[in-house]
Amino acid sequence: DIVTMRVFDVMACGGFVLTERNDALLELFTPGVEMDCYTSLQELVEKAEHYSNNPDEAAAIAARGLKAVRANHTISGRVQHMLQRLS
């Protein structure tokens, strides 16, 4: 239950993220708004097909993801957050 750096990296580059659902991810991002997620192989296939057939929707989600990462998840902000949790 972690959010991998890959999620942040892809979003920071303006890419669309479709990743496995977990609680840590849901604390930071809203599925269908800034990224999307799946809970089964069948759901992954369905969503991959959906976004492949609806690239404008995927692009809009990616744009909101980029905005969220720039506003709330910079490297310096993440390091500060980790240091605060250590205190």
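These are legends for a few views of a predicted model of one protein chain.

**View 1. The whole chain, from end to end.** Start with the overall layout: the chain holds 5 helices and 2 strands. Follow the sequence along and you meet them in the order α-β-α-β-α-α-α. If you want a feel for the dimensions, the C-alpha trace spans about 45 × 25 × 15 Å along its principal axes.

**View 2. Inside the fold.** Here we look at what is tucked away and what touches what. Of the 87 residues in the chain, 28% are buried. Now take the contacts with a separation of 6 or more: 41% of them link residues 24 or more positions apart.

**View 3. The outer surface and its charges.** Turning to the outside, the chain exposes about 5,900 Å². Carbon and sulfur atoms supply 52% of that area. As for charge, there are 12 negative side chains and 8 positive ones. Take the centre of each set, and the two points lie 9 Å apart.

**View 4. A nonpolar patch on the surface.** This close-up shows a patch of about 640 Å², built from Met5, Ile75, Val79, Met82, Leu83 and Leu86. Which helix gives the most to the patch? That would be helix α5, which contributes 5 residues.

**View 5. Helix α5 up close.** Helix α5 covers residues 75-86. Met82 is one of the residues that lie in this helix, and Met82 also helps make the nonpolar patch from the previous view. Look for Met5 too, another member of that patch.

Methods: Residues are numbered from 1 along each chain as its sequence is written. This is a predicted model: local features need pLDDT of at least 70, side-chain atom pairs count only at pLDDT 80 or more; totals for chains, interfaces and linings use all residues. Side-chain values use heavy atoms; hydrogens and water are left out. Patches are made of residues with over 30% relative accessible area and no salt bridge: like charges are joined within 9 Å, nonpolar side chains (Val, Leu, Ile, Met, Phe, Trp, Tyr) within 5 Å. Accessible areas come from the Shrake-Rupley method with a 1.4 Å probe; for residues, only the protein chains shown count as cover. A salt bridge is a side-chain nitrogen of Lys or Arg within 4 Å of a carboxyl oxygen of Asp or Glu. Helices (H or I, at least four residues) and strands (E, at least two) are DSSP runs, numbered from the N terminus. Buried means under 20% relative accessible area, exposed over 50%, partly exposed in between (1.4 Å probe, protein chains only). Contact means heavy atoms within 4.5 Å. Lys and Arg count as positive and Asp and Glu as negative; His and the chain ends are not counted. The place of a charge is taken as NZ of Lys, CZ of Arg, CG of Asp or CD of Glu.
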